[in-house]
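The following note is addressed to a colleague beginning the study of protein structure. Please read each numbered point with the sequence and the model in view.

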Amino acid sequence: EEEWIGRHGDTILLKVKVPVVEGTDWELRGQLISLEVPLRVTVSELKATLAQLLRLPSNKQKLHSVSVGFLKDAQSLAAHNIAPGETITLAVKERGRRSRK
């Protein structure tokens, strides 16, 4: 983690690709959000920021990086080796959705 921060600096520009979800109060319109964030910020803290911007609760968010896979809430962006300018994809967690016959 410290080595990654030493290589890339304390703060990075991160892009978050937001999905399109209609029929909710969430602000999910397929936009690309650019955020300047500290590499030491945890994924959980990043989700809290996104929750404020998008009105999508943190517990409904999944963040995915092509290089890492799904990001773990307790770990920092540096621990995941997220690079400056990287695009993270936001997805909505679907729970308990069963098809009814």
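1. With which residue does the side chain of arginine 55 meet in a salt bridge? The partner is glutamate 27, at 3.4 Å from N to O. A salt bridge here is a side-chain nitrogen of Lys or Arg within 4 Å of a carboxyl oxygen of Asp or Glu. Arginine 55 lies in the loop between α2 and β3, and glutamate 27 in the loop between β1 (11–17) and β2, so the pair ties together parts that are 28 residues apart in sequence.

2. The basis of these statements should be made clear. This is a predicted model, in which local features need pLDDT of at least 70 and side-chain atom pairs count only at pLDDT 80 or more, whereas totals for chains, interfaces and linings use all residues. Residues are numbered from 1 along each chain as its sequence is written, and side-chain values use heavy atoms, with hydrogens and water left out. Helices (H or I, at least four residues) and strands (E, at least two) are DSSP runs, numbered from the N terminus.

3. The accessibility of the first pair deserves a remark. Buried means under 20% relative accessible area, exposed over 50%, and partly exposed in between (1.4 Å probe, protein chains only). Arginine 55, at 48%, counts as partly exposed, and glutamate 27 is also partly exposed, at 24%.

4. The structure holds six salt bridges. In one of them, the side chains of lysine 47 and aspartate 73 meet at 2.7 Å, N to O. Lysine 47 belongs to helix α2 and aspartate 73 to the loop between β4 and β5, so this pair connects parts that are 26 residues apart in sequence. Lysine 47 is buried, at 4% relative accessibility, while aspartate 73 is partly exposed, at 35%.

5. Another salt bridge joins the side chains of glutamate 2 and arginine 40 (2.8 Å, N to O). Glutamate 2 is in helix α1 (residues 2–8) and arginine 40 in the loop between β2 and α2 (43–54); the two are 38 residues apart. A network of salt bridges links Glu2, Asp10 and Arg40. In general, side chains of opposite charge can pair when their charged atoms come close.

6. Five strands form an open sheet of mixed pairing, in the order β2-β1-β5-β3-β4. Its edge strands, β2 (32–38) and β4 (69–70), each pair on one side only. Two strands pair if DSSP finds at least two bridges between them. Strands β3 (residues 61–65) and β5 (residues 87–92) are antiparallel and share four bridges; leucine 63 has leucine 90 as its bridge partner in β5, and glutamine 61 has valine 92. On the other side, β3 and β4 form a hairpin with three residues between them.

7. How do the side chains along β3 alternate? Gln61, Leu63 and Ser65 point to one face and are buried, while Lys62 and His64 point to the other and are not. Such alternation between the two faces of the sheet is found in a regular strand.

8. The largest nonpolar core has 25 residues, and those touching the most other members are Val37, Leu46, Leu50, Leu54, Leu63, Leu77 and Leu90. Its largest share, four residues, comes from α2. A nonpolar core is a set of buried Ala, Val, Leu, Ile, Met, Phe, Trp, Tyr and Cys residues joined through side-chain atoms within 4.5 Å.
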